[in-house]
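Trainee: I should like to understand how the descriptive terms applied to a model are justified. May I ask for the reasoning behind each one?

Mentor: Certainly; let us take the terms in turn.

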Amino acid sequence: MNIYQTLVETVIISNKNHLIRYSDSLKLIGIGRSAFVFRIKASNLAIKIFFPAYKDLAKEEVEVYRALRGIPYFPTVHDSGSNYIVMDYIEGDTIFDCVTQGTTITPEQLKEVDYALSLAADQKLNPSDIHLRNIIITPKGRIMLIDVARFRQEKNCMQWRHLKTAYHHIYKKRFFPKKIPAIVLNIIAFIYKKRLLPFYRSNRKSYSS
Ligand SMILES: Nc1ncnc2c1ncn2[C@@H]1O[C@H](COP(=O)(O)OP(=O)(O)OP(=O)(O)O)[C@@H](O)[C@H]1O
Ligand SMILES: [Mg+2]
């Protein structure tokens, strides 16, 4: 068993996806819909450990990262197992965190995301599930993308296009506040999903969740 597997074994997740305990060598840095993400203390590595019901996503995400290897906007994978991925730890804040802290998002950063996504598309991938928590702004103001498990899905995901529209038509306006509480962002995300869900159903070809 390698060192990463040993660390993964310390992470106990309940059937209801509650985190019961984990090693002192790990620091919890993120919780998604399918995984807990830890930084391995005193290293520049992160471990994404999938909830038991989502563990098959580990293999899928590793394969996508393999296709993205060498593109500097994505973390490099260093090890993986049936339910985990070890990758570069990316220092910075997600766009979600930036907006809640009042850190302004610039049009150049959006363009950089577009460029990163175009490089992924060049690898015959279909970038999907691009939302505020899957884009990290580094301390130097550059962007990095994470969470690529859905990049091989066939249906078109409109989320990033909608986010850009909201950025240009609402966020960029002078009167619009640049600091928004997390609860407000979460409510907006909830309404977005709910309002569009019936629309997704009737437009399966062009929309995805
Ligand atoms: N390599 C990394 N470096 C730093 N932070 C990370 C890294 N990977 C993930 N995170 C943090 O952990 C959070 C959850 O990770 P991730 O998005 O991969 O999980 P997920 O369950 O696939 O998410 P989703 O709910 O979007 O499907 C991210 O929003 C981010 O804050
Ligand atoms: Mg995510």
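Trainee: What makes Lys 124 count as exposed or buried?

Mentor: A residue is buried if 20 or more other C-beta atoms lie within 10 Å of its own, exposed if 12 or fewer, and partly exposed in between, with C-beta atoms placed from the backbone. Lys 124 has 9 C-beta neighbours inside 10 Å, so Lys 124 counts as exposed. Before we continue, note that this is a predicted model, in which local features need pLDDT of at least 70, side-chain atom pairs count only at pLDDT 80 or more, and totals for chains, interfaces and linings use all residues. Residues are numbered from 1 along each chain as its sequence is written, while chains are lettered from A and ligands numbered from 1 in the order in which they are written.

Trainee: Where is Lys 124 found, and what is notable about the phi of Lys 124?

Mentor: Lys 124 is found in the loop between helix H4 (107-122) and strand S9 (135-137); helices (H or I, at least four residues) and strands (E, at least two) are DSSP runs, numbered from the N terminus. Its phi is near 65°, a positive value in a residue other than glycine. Most residues other than glycine have a negative phi.

Trainee: Which class of exposure does Asn 17 fall into, and on what count?

Mentor: Asn 17 has 16 other C-beta atoms within 10 Å and is therefore partly exposed. Asn 17 also has a positive phi, near 65°, and is found in the loop between strand S1 (12-13) and strand S2 (19-21).

Trainee: Why is Tyr 171 called partly exposed?

Mentor: Because Tyr 171 has 16 other C-beta atoms within 10 Å, Tyr 171 is partly exposed. Tyr 171 belongs to helix H5 (residues 159-171).

Trainee: Which residues does Tyr 171 touch, beyond those up to four places away in sequence?

Mentor: Tyr 171 touches Ala 166 and Phe 176. Two residues are in contact if their C-beta atoms, placed from the backbone, lie within 7 Å.

Trainee: Why is Asp 97 called partly exposed, and how far apart are the C-alpha atoms of Asp 97 and Lys 179?

Mentor: Asp 97 has 15 other C-beta atoms within 10 Å, so Asp 97 is partly exposed. Asp 97 lies in helix H3 (residues 95-101). The C-alpha atoms of Asp 97 and Lys 179 are separated by 9.9 Å, although the two residues are 82 residues apart along the chain.

Trainee: How many domains does the assignment give, and where do they run?

Mentor: The assignment gives domain 1 (3-88) and domain 2 (93-202); such bounds come from an automatic or database domain assignment. The contact between them takes 12 residues from domain 1 and 14 residues from domain 2. On the side of domain 1 that touches domain 2 there are nine nonpolar, one polar and two charged residues. Here Ala, Val, Leu, Ile, Met, Phe, Trp, Tyr, Cys and Pro count as nonpolar, Asp, Glu, Lys and Arg as charged, and the others, Gly among them, as polar. The centres of domain 1 and domain 2, taken over C-alpha atoms, are separated by 22 Å.

Trainee: Where does ligand 1 lie with respect to domain 1 and domain 2, and how do you know?

Mentor: Both domain 1 (3-88) and domain 2 (93-202) give residues to the shell around ligand 1, so ligand 1 lies between them. A residue is near a molecule if its C-beta atom, placed from the backbone, lies within 6 Å of it. There are 20 residues around ligand 1, of which Gly 30, Gly 32, Arg 33, Val 37 and Asp 147 come nearest. Strand S3 (26-31), strand S4 (35-40), strand S5 (45-50) and strand S7 (84-88) are the elements that give two or more residues to this shell. By class, the shell holds 10 nonpolar, five polar and five charged residues.

Trainee: What does the radius of gyration of the protein show when set against that of a compact globule?

Mentor: The radius is taken over C-alpha atoms, and the globule rule is 2.2 Å times the number of residues to the power 0.38. For 209 residues the rule gives a value near 17 Å; the protein has 17 Å, which agrees with a compact globule.

Trainee: Over which residues does pLDDT stay under 50?

Mentor: That holds over residues 197-209, for which the model has 16 contacts beyond four places in sequence. pLDDT is the predictor's confidence in each residue, from 0 to 100. Where pLDDT is low, the predicted coordinates should not be read in detail. The protein averages a pLDDT of 93, and 93% of the residues score at least 70.
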